[in-house]
Each structure stands twice: as C-alpha cells, then as structure tokens.
Amino acid sequence: GFFVIYTGQGPLTPEGYAQARGQALVRAAAIHRVLGENRDRLGLALTAEDIERLHREGKSIALLSIENSWPLGEDLSMLETFHRLG
C-alpha cells in the first residue's frame with residue numbers, strides 16, 4: 001500500500017511554507033508510528049530488495065510518497081529530510 005504525505009497548497013509565503021512543512025512532518029511521523037505499531041505484519045520498503053524481502057516474509061508492503069512539493073517551500077534541503085523518512 002501507498003502511504004501518502006499530502007499537504008494541500010496554501011499561501012506561497014514563508015509562513016505558509018513553514019505550516020506545510022510542519023503538517024508534512026507530523027504526517028510522516030504518524031505514518032512511521034503506524035508502521036512501528038504493526039511491524040509484525042507490515043514493513044516499509046525503500047528499495048526493490050525490501051519489497052522482495054517483505055513479500056518472502058509474508059508481510060504487507062508499505063511505500064511512502066509525497067504529493068505536492070509545497071512542504072519543501074524554498075528550502076530544497078527538505079528534499080533530503082523527506083528522502084530519509086522514506
């Protein structure tokens with residue numbers, strides 16, 4: 001299944017970007033909490049090898065995605081942050 005970090009677009013201002021970034025990070029944390037609470041049945045796949053391993057283990061496969069780059073604002077270093085989160 002795909003777990004999506006979605007943030008609707010709002011004001012294209014420093015405050016709007018900060019709010020979107022905060023919402024996206026909260027959503028990412030919530031997704032990771034759900035994954036952690038269900039690690040016996042569900043696993044996060046970051047690579048094709050992870051997908052194959054989780055399938056062999058009989059676990060459901062979780063993939064993360066992000067829709068709308070608004071949480072990045074004008075700070076492209078946030079791309080690295082979201083990449084590390086999955």
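1. Take the R53–E57 pair to begin with: in this predicted model, their side chains form a salt bridge, N to O at 3.5 Å (a salt bridge being a side-chain nitrogen of Lys or Arg within 4 Å of a carboxyl oxygen of Asp or Glu). R53 is partly exposed at 31% relative accessibility, and E57 is partly exposed too, at 43%. The cut-offs here are under 20% relative accessible area for buried, over 50% for exposed, and partly exposed in between, using a 1.4 Å probe and protein chains only.

2. E57 also meets K59 in a salt bridge, 3.7 Å from N to O. K59 is partly exposed, with a relative accessible area of 25%. Add D50 and you have a network of salt bridges linking D50, R53, E57 and K59. The structure holds five salt bridges.

3. Another salt bridge joins the side chains of E80 and R84, at 3.7 Å, N to O. These two sit four residues apart in helix α3, so about one helical turn separates them. E80 is partly exposed at 43% relative accessible area, while R84 counts as exposed at 57%.

4. Staying with α3 (77–84): which of its residues are buried? They are M78, T81 and F82. Looking down the helix axis, these fall within an arc of 90 degrees, so they line one face of the helix; the arc is taken from the directions from the axis to the C-beta atoms. The face turned away from that buried side carries the exposed residues L79, H83 and R84. Helices and strands here are DSSP runs, H or I over at least four residues and E over at least two, numbered from the N terminus.

5. What covers the buried residues of α3? The cover includes β1 (2–6), α1 and β3, judged by contact, meaning heavy atoms within 4.5 Å. After α3 comes G86, with a positive phi near 120 degrees.

6. Two of those buried α3 residues, M78 and F82, turn up again in the largest nonpolar core. That core has eleven residues in all: I5, A24, A28, I31, L35, L42, A62, L64, L72, M78 and F82. By nonpolar core I mean a set of buried Ala, Val, Leu, Ile, Met, Phe, Trp, Tyr and Cys residues joined through side-chain atoms within 4.5 Å. The elements giving two or more residues to this core are α1 (14–37), β3 (60–67) and α3. α1 gives the most, with four residues.

7. L42 is one of the core residues, and it's worth clicking on. Leaving out residues up to four places away in sequence, L42 touches F3, L35, K59, S60, I61 and A62. K59 is also part of the salt-bridge network from point 2.

8. Now the loops. N38 lies in the loop between α1 and β2 (42–44), and N38 counts as buried at 16% relative accessibility. Its side chain makes a 2.5 Å polar contact with the side chain of R41. A polar contact is a pair of N or O atoms within 3.5 Å; within protein, one must be able to donate a hydrogen and the other to accept it, and residues adjacent in sequence count only if both atoms are side-chain atoms.

9. N68 is in the loop between β3 and α3. Its phi is near 75 degrees, a positive value in a residue other than glycine. N68 is partly exposed, with a relative accessible area of 27%.

10. Bookkeeping: residues are numbered from 1 along each chain as its sequence is written, and side-chain values use heavy atoms, with hydrogens and water left out. As this is a predicted model, local features need pLDDT of at least 70 and side-chain atom pairs count only at pLDDT 80 or more, while totals for chains, interfaces and linings use all residues.
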